[in-house]
Amino acid sequence: MTLLITLLAAIAATAVWRRRPSGRFSAGMLALIYWGAAIMWTVDEAFVVASQGIAGLAGDPAGLLDGALLGLSVVALGLIIWLVAAAAKGRRA
């Protein structure tokens, strides 16, 4: 679930960035943050499959809820980092 949420955030940030690539609040850095997180979760899932087989991906409902909360936390933290960086960029200009 974490991978899915992070991938959706990465795709959305990339779409926003492609639509308006310049400006103080450019979503390019936000897209890179989310794509980096998505790559990290992809590698994590690949290691789960390598060690436990495809059955390792099936989770219980509590595990899915934990994954969803972790995914939302990752998206929120990426957004906070992006906003702080944009505010710092605005002060330098």
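In which helix is threonine 2 found? Threonine 2 is found in helix H1. The model described in this report is predicted.

## Helix H1

Helix H1 covers residues 2-19, 18 residues in total. From its first C-alpha to its last, H1 reaches 26 Å, close to the 26 Å expected at 1.5 Å a residue.

The buried residues of H1 are Thr2, Ile5, Thr6, Ala9, Ala10 and Ala13. Viewed down the helix axis, the buried residues of H1 fall within an arc of 135°, so they line one face of the helix. The face of H1 turned away from this buried side carries the exposed residues Leu8, Arg18 and Arg19.

## Two threonines of H1

Threonine 2 counts as buried because its relative accessibility is 9%, and buried means under 20%. Setting aside neighbours within four places in sequence, threonine 2 is in contact with Trp41, Gly67, Leu70 and Gly71.

Threonine 6 also lies in helix H1. Threonine 6 has a relative accessible area of 0%, and is therefore buried. When residues up to four places away in sequence are not counted, threonine 6 touches Tyr34, Ala37, Ala38, Trp41 and Val74. Trp41 thus appears in the contacts of threonine 2 and in those of threonine 6.

## Helix H2 and the residue after it

How does the span of H2 agree with 1.5 Å a residue, and what is the distance between its end C-alpha atoms? The 25 residues of H2 should span 36 Å at that rate, and the end C-alpha atoms are 36 Å apart, which agrees. In H2, the buried residues are Gly28, Leu30, Ala31, Tyr34, Ala37, Ala38 and Trp41. Among them, Tyr34, Ala37, Ala38 and Trp41 are touched by threonine 6 of H1. Just after H2, glycine 53 takes a positive phi of about 80°.

Valine 49 lies in helix H2. With a relative accessible area of 32%, valine 49 is partly exposed, a class that lies between the limits of 20% and 50%. Apart from neighbours within four places in sequence, valine 49 is in contact with Ile54 and Leu57. Valine 49 and serine 26 are 23 residues apart in sequence, and their C-alpha atoms are 36 Å apart in space.

## Isoleucine 81 in helix H3

Isoleucine 81 lies in helix H3. Is isoleucine 81 buried or partly exposed? At 45% relative accessibility, isoleucine 81 counts as partly exposed.

Isoleucine 81 touches Met29 and Ile33, not counting residues up to four places away in sequence. Isoleucine 81 and leucine 30 are 51 residues apart in sequence, while the distance between them in space is 8.5 Å, C-alpha to C-alpha. Leucine 30 is one of the buried residues of H2.

## The largest pocket

The largest pocket holds about 290 Å³ of space. It is lined by 17 residues, of which Met1, Thr2, Glu45, Leu57 and Leu64 are the closest to its centre. Two or more lining residues come from each of H1, helix H2 (28-52) and helix H3 (61-92).

By type, the lining of the largest pocket divides into nine nonpolar, five polar and three charged residues. Two of the residues closest to the pocket centre, Thr2 and Leu57, have been met above: Thr2 is among the buried residues of H1, and Leu57 is in contact with valine 49.

Terms used
Residues are numbered from 1 along each chain as its sequence is written. This is a predicted model: local features need pLDDT of at least 70, side-chain atom pairs count only at pLDDT 80 or more; totals for chains, interfaces and linings use all residues. Side-chain values use heavy atoms; hydrogens and water are left out. Helices (H or I, at least four residues) and strands (E, at least two) are DSSP runs, numbered from the N terminus. The expected span of a helix is 1.5 Å times one less than its number of residues. Buried means under 20% relative accessible area, exposed over 50%, partly exposed in between (1.4 Å probe, protein chains only). The arc is that of the directions from the helix axis to the C-beta atoms. On a 1 Å grid over the protein atoms alone, a cavity is a set of points where a 1.4 Å probe fits but cannot get out, and a pocket is an open set with protein on both sides within 12 Å along at least five of seven lines; lining residues have an atom within 4 Å of a point. Grid points are joined across faces, edges and corners, and a volume is the space filled by probe spheres set on the points. Ala, Val, Leu, Ile, Met, Phe, Trp, Tyr, Cys and Pro count as nonpolar, Asp, Glu, Lys and Arg as charged, and the others, Gly among them, as polar. Contact means heavy atoms within 4.5 Å.
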